[in-house]
Structure formats: C-alpha cells, structure tokens
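Here is a short report on a two-chain model. Look at each chain by itself, then at the place where they touch.

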Amino acid sequence: MRVDFSLLLPEMLLAGLGFLVLIVDLVLPQERPERRNKAVAAVAVAGMAAVAAMALATAPDRTESVYGGLLFIDAYALLFKTLFLGVGIAVVLMSVEYVGRVIRHPGEFYGLIVFAVLGANLMASAGELLTAYIALELLSFCLFVLVGLTRGDRRSAEASTKYILLGAISSAVLLYGISLLYGTMGTTVFREMGPGLAINFSPTVIVGFAMLLAGIGFKLALVPFHLWAPDVYEGAPTPITALVAVLSKAATFALLLRFLAEVSTGRFDQWQLALAVLAAATMTVGTLTALVQRNIKRLLAYSSIAQVGFVMVGVVAMTEAGANAVLLHLVGYAFTNLAAFAVVVTVEAKTRKEEIADYAGLSTASPLMAMVLTAAMFSLAGLPIFAGFITKFYLFTAAADAGYLWLAALAITNSVISLYYYLRVVREMYISEPEVEPERIRLSPSSAGALWVLLAGTIAVGVYPGPLAAAVDAATDALRAYAGGA
Amino acid sequence: MSFFERHILETLIYLPMLTAAVLVALPFGARAAARWLSVASGLALLVGSLYVFFVFDRSVDGFQLVRVLPWFDPLGIDFRLGVDGVAVLMVLLTGIVAFAGTIIAANVERETKSYYVLLFILIAGVYGTFVSIDLFFFFFFYELAIVPMYLLIGVWGSSTKFKTFDRPKEYGAMKLVLMIVAASLLVWVAIIVMYNEAGLGTFSIPALSEFALSGGEGGGPGFSPEFQRVVFPLVMVGFGLLAGLWPLHTWSPDGHVAAPTTVSMLHAGVLMKLGAFGIIRVGMLLLPEGMQDWALVLFILGTVNVIYGAISAMAQTDLKYVVGYSSVSHMGYVLMGIATMDPVGITGAALQMFSHGVMTALFFAVVGAIYERTHTRDIFVLNGLASRMGWITAFFVIAGLTSLGLPGLSGFIAELLVFIGAFRTQPILGVLGVIGALLTAVYILRLVGRVFYGERSGEWDGVRDLSAREGFAMGVLVVPIVVVGVYPGPFLDVIAPGVDLVLAALGA
C-alpha cells in the first residue's frame, strides 16, 4: 500500500512543533523566566498559526484517506483542525500571564497544549476505532498532566488524580466495547462496520455499542458520566479548564459525529432514542445544578455540561441539518466559551479570585472584561446578536424537523432557565456594590487583543453566519451519510 | 422604488446599532458628545419614521417597502423587511418615543455613555421587530429588545420601599427579563412548529400567510384547524405576556417602576405594543382559525385586564405604580379590540396601541421628572405641586385626560372604536370595558386632585419646574395626542390596509 505522506504533513509538523517548544524552553536561559515564558509562548502560537495556514493551503480538493480508511483527510477534518488550532492559539495567548505567575513551567505547559491539539486533530480525522482511541488517549494524557501542573495546589492534585482514575476506567470501558464490536463485525474501520451495527441486535453488539457510548459519554461529561467534570474544572489551572471545556468536547463530538455518519447511512432509531434520553438528562441536570453554584469555574463546568446536552440534541437528529447545526454550534461555542474563560483567567491571574461574588465591581475595574464576559454570558444563554442565538435556533429546529419536538421543547425550556444563572454573573459585575473600591485592572495588549477578537467572533457568527454555514455544509458533505448535500 | 424607499427600513435598524457602536468607541469622559450624538440620532430616527409614515401608500393592501436579503441558507432565513398599516403606525410611535426618550435621557448622570449604548440596542430591537416580515428576524429582534433591559433596570433603575417590604430594582429587573424570556419560549416553540408543519423551508411571513390561507376551499393543505387550535395559545400567551395579559402582567408594574425614566417610556410605551403586535402579526395572520377558536378567551382576559388594572391602580400609593397599573389596564383595551375580530374593533386596537404608547411615555416622563426633583413618589407625601410646577402639572393633566378618554384627545377615539367593536360582538364585555374607563377617571382625577392641587404643605416650595429641554421633549409627545384627537383621518387611513390584511386572513 502506497501512502501519500504529504497528506499527513500538518500532523507531523504539529508533533515536531510540540518537541520544538520543549527544546526552546530547555535552551533559553533560566534566569529570566518572564522572557523565557513569552518566547516559548510565541513559538507555540506562531507554530500553530503556521500549521493552520499550511493545512488550509495544502488541503486536497476531494476526500482522501490514508492507511486504508484509518485516517481521513477531508473538508470535515480540515474544519475541525482549523478550529482546534485556533483554540490552541487562543488558550496559549490567554495563559501567558497566568503561566508566568502560577505555573512557572512554560515548556511543559505550552508543549502539552500543542500535543493535545494534535490528539484532537487526529480524532477529527480518525476513520477507525483504534486510531480514534489512540488519538483520544493522546488528548486525554496531555490533559491529565496539564490538570495537575499547578504544583503545591491540593485542588489541582486532587482534580488530576480523579481525572486519571476515572479517565482510565472510561478508557477501559471504551476499549472493551471496541473489542466486543470487533468480535462481532470482524473490523474496526467505520465504513466496513456498515449496516450490521444498526440492524444487528445481538447482545454482544448492544453491550459493545453501549460501552462505546459510555466511554464517549465520559469524555463529553454526559449525565450520568459527568461527576468528574466540576471537580476537574475547579481544580485545573484555569486555561486548562478552557481547554477541557472547548477542545476536548469539540474533538469528541467530531469523532462521535463522524462515527455515526460513516457507520450507518440509514436511520438508527433504537440508538437515537437512547441518545435523546442522554441529551435530555444532560441538559436538565447541567442547567439545574448550575443554578446553585458560587464558584465561576464550577458554574462554567455545569454550564458546559448543559451546553453538551444542547449539542447532543443536534446529534440525535442524525440528519445533515442536525450535523451542520452541531458544527456551527461548536464553532460559536468555542468563541463564546473562550471569551468567557479569557476573562476568568485574566481576573484570576490579576487578583487570584474565582468566586462569582468576587466579580463585583469588575465593570469599573475593567470595562472591557466586563463587557466581554457579559456578551459571552448572553451568547451562552442564547440571546441575539450573539452566536448562541442562531446556533441554538438551528440545533433545535433541526431536531424538531427530525421528529424530536419534545427534545427541542425541553432544550428551549432549559435554555430559558439557564438565563437566570448567567444573569447572576452579569449582576455581580454591574449591579452589586463591591466591598472594597475596585482597583483598575490594566490589560496587556495581547490579552486585550485576544478579548476583542473573541468578542468579534462571537458577534460575527451571530449576525453573519452565512459563510460559516457554507463551510460547515461543505464539511458534512464529506461524511458518507450526508454525501451529496441535503 | 426610489433609493430612500428601498433602504429606509433597514436604516431604521442599522442607525441605532451604528450609534451604539460609535458610542462604545467614544472615550468615557466624552459625556457631552455622547448626549449630542444620541439626540441627533434620535432626531434622525424620528425623521426616518415620519418618512415611512408619509411614503406608505394607503390605497394598497399588503406589505410595502419590502426588502429581502438572503441571510442563512440552510434554514431559508432571509433578512426580510416590510411594513403594513399597523406596522407603519408602530414605526412612527417608536420614532416619537425614541426621540423624546433620548432627550430625557440626557438627565442621566451615571455612566451616561453606557446608558445610551444599551438604550440604542433596545431601540434597534424594537424597530427590527416592527419591520421584520420574516418570523426568524421577528423573533431575533424581539429577543434583542430584551437583552439590554436587565442592565438598564438593574444599574440605572430605582428601588421602591413600601411600608412592610422592599422592591429592590434587581428584583424588578430579574422578574421582567425572566418572565419575558420565559414567554418567548412559547413563541419559539410555536415558530419552529409552524415552520416544520408548513414545510416551505422559509420563515417568510407573507409566504406562510399565503400557505395558511390556501387551506379549506383553496385546495392547498394549509394549517389544519386542530393544529391552529393547539398552536394559537402558545402565540397568544407568549406575546400576550409582553402586552401585560392578565394574569401574567405582574412583571409590568414592578419592572416599569424599577426602570429609569427613558426605559419606562420605551418599554411601557413601545415594547408592550410588541406583544399585541405579535398577536396580530403571527396569531391572526398565520393562525386565523385558531384565533377564532380562542377569541372569546382573549376577549375575557382583555376585559379582566381593563378592570383588574384599573382597580389595582386605584389601590396604589406610589405615583409610578399607578401609571404602571394603568398601562396594564389600557393594554386590556388593545387585547379586547383585537379579540373583536371586527374591522372597527381592530382599528381601535391599533390606534389605542399608538395612543397609549405616546400617553404612557408622557406619563412616565412626568413622573420621572417629579421623582428627580422630590426624590419621592408617595402620593400621600406629595401635595400641591401645581403652584410650583406649572408645566409638569400641565403635562400630567394632558396625559391623565387622554387616559380617561376626554374627547379631543387621542384616547377618546381609540377607546370609542374599541367599544363600538365590542358592542357589535360581545356587548356584555363591552359594558365592563366602559366601566373600566370610568374607574380610570376615578383614579386619575383623585391623583390630580391630591398630588397637584391638594393642600400645600410647603415642603415642595423649593423645587424647580421643567427645564426647557424637558419641556420640549414632553411637547413632542403631546403633539400626536392632540393631532390624533382632533384629526384622526390620516391615521385611520394608514391602519385600514393593515386591518384589511388581517380580515382577509380571518375570512371576514
């Protein structure tokens, strides 16, 4: 079998970049940590930007696959790669100051982020279960380490331990499910597993598929596999919380969506109902639990559980419109959540505070950050002119169109309830009187720039989604079930 | 269409958004610049609204000044603008209140710039809802108008202390936003259901309306009567809440009292009309048979609104709460007029929306001016204001007389038309409506007597009367009240094609 290695160039370069970042950290003089930190971050950002540009420039016109369907190089993977590299760049940019003050290991920190992005990219390309599993583990291992990187912080250590233990169990479950499916089907390549999965209801297939879903559900923090999420979100260094919330979720959705669309071209009724129940439970539990949170990171953890439930609504539809809506929502969600986390990271780096009550007076301390966080909250709640409005509208319309009106109605109800806790954050920033006169927070040009870009992205998706929708549509056309348009 | 005609409707949306964007970019100290820019923008909006009013062709039924821009292909959403007769009147109302509001808002001292930014987002949302004829954008702008409310009330509003309990401004803000968003949940579900049921792949209101009309003898599928019967209540309650429909009106007094003056003017004056407008636009036009099934319920609830609002207003001791409950009462006439499904009644409802909008804006402007000077709104503490505040008294009396339906002012014509429509369809409810008007006279005249002409305690002898700027803003609001009162012809002509459109849908 001849393999065209040029197709894999972006991934190879990204792996090289990860090592390069580690080496740069090693060779730079140790006595000036601030400059070393900035230099390493600059290498990571420039490298990821270059890889993204190269991936876009060298993208093949049609769908290509290597190693007999193990990896796809197509528009679908390209869209996600661009998104993930963008997420990686944004996370590095927002964490420069945080790393300087809290972490103090720039090489490991940025290097592992690059490797995590690599894992996510491979998940979006994977066309075979074991490849997908390895990519997912690459991402997870990076995250396990990153979560525990704050040395001397007990919460961070506890979070990392929990994450590793539960993550290992979920990986075992996932792997066992894969082996059961392999035992029945004789293959792990998505396209060859074919219709057997949808119509074969032998106990082995049911158990195998259920275990696969459970393993993926853990990574997505679907209810009832979500219990790790709040502790990990709270304990992890805050930029890594953003990475877990955005990168790992989006990558797992990329994998799940491709798996479902490649395995079956027909309908999948029995499993659809199971997914629908998971979606309903996830968004309801996430929304109701978020109502009582006091820590901003825990609030965002539960809010992201609820958001995953909303995305699942689009996955459940299993139509092209549903898949398009999922992709569109993931892009909008990435901008929105990164904007929110950029503010939380900066506030924590400057004041070391992370309770919602500590945000009192932020509107005077830093009007820009207060405005960006407000926009992010409104977008997460699904209000116009922000991304969340159109993407949620699209998701729920697609689900209703596919016959899941009850799920759409439940999602809309949850979306309304969620407004309450998002407004609480806004209230602290603008209305509550701070106990001490807030000190004005000065933002570095790079964080201010990142905030403006993320805010602009959140609004751009909300007011002019046309071009993005076209790109998303081209991406899902690459999947077998949706080939050839709607 | 000329260049202006083609672009005027979108300009009414872009201009306030652009103003908000420019204001964001202004430095924080530039308070005077922010004020001048905002007032200039308000004036431009008024001119634009007047232009729409005069360019609108009264002899043609259907939507005019239509403009379609593709926006989101996957769902067939277009940025589709157009106005019918009712919408034109609402655009004019928005222009008048927005202009007066931007002038009054110059009184705001705290964070003037941010206040104007949020105010213009609100104005953009209101204009957008009135001129959108695509269901998605109708909903988009409807929600957009809610976005800034929480901060406007929460930051710049005022708390109320009662004898036994407090109503902090955060309470009013949260209640208003959550209730309206919860109601929009029903509207959202209704929109998705109608979109799927029609299966046209478009949210265009004209197309959906044509589809709805094609049912029955026309041969097309249409929306089935059962479907309409189930979906109409979603629309009625969802939009009705924003119109203050009893028993879901409780956000309105609390929210409007807590809000700063300009926001009360815009919200009670214009935004509540969005609710009634939504029932006409979505409910009657797209679900005519559902409307017929539910008309009696709406009629009864509207009548309860009138009576309940009036009685509640009589019981209030806070000047602003009196006006708040009087809004609930007067919106009842609008709901009654809509529920008559009679040409005269619907015309009355549309005119009442306009009349009440201007009148309430004037009310809130006056009450706001009194509060700024005396720092109280307690009607047992205020007394004899007429001797020191001649202009304030004059404006309050004009608003009050409009409210109780004095001939020669706009309220009289509007309510008369509603009553004629009501007597033609449900005479008993019509009688109850007239009783409501009498109750209005009781609480308004009692208020005028006590607060303005009552015995002077001397406590308020030091306060100033209106400044020329405030007087001008309120004068702007008085003009339409008087014009509609003495010469309603042009306004009725504008409403007529809009009513024809609705009646055609209802098959009357």
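Of the 486 residues of chain A, 62% count as buried. A residue is buried if 20 or more other C-beta atoms lie within 10 Å of its own, exposed if 12 or fewer, and partly exposed in between, with C-beta atoms placed from the backbone.

This is a predicted model: local features need pLDDT of at least 70, side-chain atom pairs count only at pLDDT 80 or more, and totals for chains, interfaces and linings use all residues. Residues are numbered from 1 along each chain as its sequence is written, while chains are lettered from A and ligands numbered from 1 in the order in which they are written.

**The two chains**

| Chain | Residues | Secondary structure | C-alpha box |
|---|---|---|---|
| A | 486 residues | 20 helices, two strands | roughly 65 × 55 × 40 Å |
| B | 508 residues | 19 helices, four strands | about 75 × 55 × 45 Å |

Helices (H or I, at least four residues) and strands (E, at least two) are DSSP runs, numbered from the N terminus. The boxes are taken along the principal axes.

Chain A has a radius of gyration of 21 Å, which agrees with the value near 23 Å for a compact globule of 486 residues. Chain B has 22 Å, which agrees with a value near 23 Å for 508 residues. The radius is taken over C-alpha atoms, and the globule rule is 2.2 Å times the number of residues to the power 0.38.

In chain B, 61% of the residues are buried. Two residues are in contact if their C-beta atoms, placed from the backbone, lie within 7 Å. Take the contacts in chain A with a separation of 6 or more: residues 24 or more positions apart account for 81% of them. The figure for chain B, counted in this way, is 81%.

**The core**

Nonpolar side chains tend to be buried together in soluble globular proteins. Here, the largest nonpolar core has 413 residues. Such a core is a set of buried Ala, Val, Leu, Ile, Met, Phe, Trp, Tyr and Cys residues joined through C-beta atoms within 7 Å. Among those with the most contacts inside the core are A:Val316, A:Ala399 and B:Val366. Beyond its neighbours within four places in sequence, A:Val316 touches residues including A:Gln272, A:Ala399 and A:Leu407.

**Two helices of chain B**

Helix α13 of chain B covers residues 319-340. All 22 of its 22 residues are buried, so α13(B) is largely enclosed by the rest of the structure. Its end C-alpha atoms are 33 Å apart, which agrees with the expected 32 Å. That expected span is 1.5 Å times one less than the number of residues. Just after α13(B) comes B:Met341, with a positive phi of about 55 degrees.

α7(B) has 30 residues and should span 44 Å; its ends are 43 Å apart, which agrees. B:Gly199 follows α7(B), and its phi is positive, near 60 degrees.

**Where the chains meet**

How many residues does the contact take from each chain? It takes 26 residues from chain B and 30 residues from chain A. On the chain B side, the elements that give two or more residues are β1, α5, α6 and α7. The largest share, 13 residues, comes from α7(B).

**Confidence**

The mean pLDDT of chain B is 86; pLDDT is the predictor's confidence in each residue, from 0 to 100. For the complex, the predictor gives an ipTM of 0.88 and a pTM of 0.90.
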